Amino acid sequence: MSTESLRHILAQHPYFEGLDDAHLDLLTGCAKNLRFEQDVYLFHEGEEANDFYLVRHGSIGIEVDVRQQPLTVNSVGPGEVLGWSWLVPPHRWGFHARALELTRALALDGACLRRKCEADTDFASELLKRFAHDIEKRLYRAWLQIADVYGK
């Protein structure tokens, strides 16, 4: 996929809506297009977190081990992002991620982004605002799930 195509996909993805052109260029330099067949794991708990993923098509299950069996506790789909672990040391995944169906995503290289964030604090600020908003939404959804399970 060409750099121009990657840039266009990033610009159209809801997660990066309103991002300025210079920052889109920085993202594009760290992006690659990927495809995951159903039931393929993107990563496992404890592995090094090198990327985060922008889901374009399909869905990805977030799994934890319960009694040595994977349990899907959440999922992400088109327009959503997967993975914050690249941001904070020790950069290790705290869960497994598995394609629940044929899934297309852009992977953004975490080390590449960390270098660009260190060099451009405005870029770092834009990314952190977006991740903080996403983390807040996910925590709220988790609290609603907990209330639903234990509130009965």
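Biologist: Is phenylalanine 131 buried or exposed?

Modeller: This is a predicted model. Phenylalanine 131 sits in helix 4. Buried means under 20% relative accessible area. Phenylalanine 131 has 1% relative accessibility, so it counts as buried.

Biologist: Which residues does phenylalanine 131 touch, not counting those up to four places away in sequence?

Modeller: One of them is far along the chain: tryptophan 84 is 47 residues apart from phenylalanine 131, yet their C-alpha atoms are separated by 7.4 Å. Contact here means heavy atoms within 4.5 Å. By that test, phenylalanine 131 touches Tyr15, Phe52, Gly83, Trp84, Trp86 and Leu87.

Biologist: Why do the buried residues of helix 2 line one face?

Modeller: Helix 2 covers residues 21-28, and its buried residues are His23, Leu24, Leu27 and Thr28. Seen down the helix axis, they line one face because they fall within an arc of 145°.

Biologist: What do the buried residues of helix 2 pack against?

Modeller: Their partners include both helices and strands. The strands are strand 1 and strand 8. The helices are helix 1, helix 3 and helix 4.

Biologist: Which residue's side-chain oxygen reaches a backbone nitrogen at the start of helix 2?

Modeller: The nitrogen belongs to alanine 22. The oxygen comes to within 3.2 Å of it, and its owner is aspartate 20.

Biologist: Which residue in strand 8 is the bridge partner of histidine 57?

Modeller: Strand 3, residues 51-57, runs antiparallel to strand 8, with six bridges joining them. Strand 8 is mostly covered, with five of its seven residues buried. The partner of histidine 57 there is arginine 104.

Definitions and conventions: Residues numbered from 1 in each chain as written. Predicted model: local features only at pLDDT ≥ 70, side-chain atom pairs only at ≥ 80, totals over all residues. Heavy atoms only, no water. Buried < 20%, exposed > 50% of the residue type's maximum accessible area, 1.4 Å probe, protein only. Helix = DSSP H or I, 4+ residues; strand = E, 2+ residues; numbered from the N terminus. Arc of directions from axis to C-beta. Polar contact = N/O pair within 3.5 Å; in protein donor to acceptor, adjacent residues only side chain to side chain. Pairing = 2+ DSSP bridges.
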